[in-house]
Amino acid sequence: MSGNDQRAHAPTPTAADARGEASAPAKIDFDDYSQDYDALLHESTKLYAEDSEYFARYKVDLVKKAARGPVRRVLEYGCGTGRNIGYLQEAFPDAQIMGTDVSEASLAIAAQNNRSAGFELEQEGLELAAFDLIFVASVFHHIPPAERAGVMGTLARRLAPAGSIDVFEHNPFNPVTRRIVSNCPFDADAVLLKPVELRGLFRDAGLQVQQQSYCLFVPPRLGWLLPLEKYMRWLPLGGQYWISAGQSR
Ligand SMILES: C[S@@+](CC[C@H](N)C(=O)[O-])C[C@H]1O[C@@H](n2cnc3c(N)ncnc32)[C@H](O)[C@@H]1O
């Protein structure tokens with residue numbers, strides 16, 4: 001992608017910009033990126049992983065290994081074009097899998113590629129029965145900070161008593177991650193959050209953090225080093241981090 005293409009995706013300047021005031025970045029509409037999402041993701045991350053499916057497999061695998069009780073209903077919140085859905089179905093073959101998103105065009109692609117899962121548009125008043133696992137990958141940094149607590153509250157209400165919410169987010173401490181985000185057109189509205197903010201959102205929604213790990217340290221071409229990642233989970237240098245939380249017991 002050329003520099004000009006990237007500028008074409010930059011948010012339109014607002015009146016606040018003209019006055020030199022800081023303003024929130026314009027919200028990205030993923031309908032505009034649904035057709036090109038895979039190609040843009042590949043372009044942004046190819047130096048780390050040539051196969052961008054790697055990220056979906058990696059995250060679902062972590063969550064599967066951490067699952068404590070039976071998983072009968074799974075929600076992927078902000079599922080986009082459904083890149084994680086097939087892996088969730090594979091990891092939890094007996095579970096009913098559902099994906100939701102605010103982007104109708106992305107959901108249409110997700111539904112086309114994942115016939116056995118259910119999909120719903122996220123909108124005011126959407127009520128869903130309780131889930132044993134709620135999987136959220138790379139979504140919160142697209143939600144304006146003032147709206148994040150409300151979203152977490154919605155997720156907490158959709159959680160079964162023994163279930164868990166597993167959130168993956170870009171690690172703002174990692175300079176490579178920050179560079180990837182700043183060059184990726186659909187990340188133009190990204191406001192990265194530190195683990196401390198995400199833990200606070202869980203806490204304020206009445207949930208207890210059960211685990212926090214940094215992840216995605218080792219590029220897949222150095223797969224023989226992957227077993228070392230389990231000793232590095234405390235090190236704030238992974239490409240992303242993962243926090244899992246559930247109802248306080
Ligand atoms: C970077 S994509 C990630 C998609 C998917 N989770 C994945 O890992 O491939 C972010 C997604 O979050 C969705 N999104 C943004 N704000 C949202 C909100 N408030 N509620 C639900 N989904 C949202 C976008 O429409 C987009 O599909």
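Okay, let's start with a term: a crossover counts as right-handed if, with the strands pointing away from you, the path from the first strand over the helix to the second runs clockwise. Keep that in mind, and keep in mind too that we're looking at a predicted model.

So, where does that term turn up here? Strand S1, helix H5, which covers residues 85–91, and strand S2 make a right-handed β-α-β unit.

Let's stay with S1 for a bit. S1 spans residues 73–77 and runs parallel to S2, residues 96–101, with 5 bridges joining the two. Glu76 has Gly99 of S2 as its bridge partner, and Tyr77 sits opposite Thr100 in S2. S1 also runs parallel to strand S4, residues 131–137, and here 3 bridges do the joining. One pair to look for is Leu75, whose bridge partner in S4 is Ile134. And is S1 covered or not? Mostly covered, with 4 of its 5 residues buried.

Now zoom out to the whole sheet. It's an open one of 7 strands, in the order S3-S2-S1-S4-S5-S7-S6, and the pairing is mixed. At the edges you'll find S3 (118–121) and S6 (207–215); each has a single partner strand, so one side of each is left without a neighbour in the sheet. On average, neighbouring strands of this sheet are turned by 20° against each other, ignoring direction.

Last stop, the ligand. Which residues come nearest? Out of 18 around the ligand, Phe30, Gly78, Gly80, Ser103 and Ala137 do. By class, that shell has 8 nonpolar, 7 polar and 3 charged residues.

How values were computed:
Residues numbered from 1 in each chain as written. Predicted model: local features only at pLDDT ≥ 70, side-chain atom pairs only at ≥ 80, totals over all residues. Near = placed C-beta within 6 Å. Nonpolar A, V, L, I, M, F, W, Y, C, P; charged D, E, K, R; others polar. Pairing = 2+ DSSP bridges. Axes fitted to C-alpha atoms, helices over the stretch in contact; angles between N-to-C directions. Buried ≥ 20, exposed ≤ 12 C-beta atoms within 10 Å, placed from the backbone.
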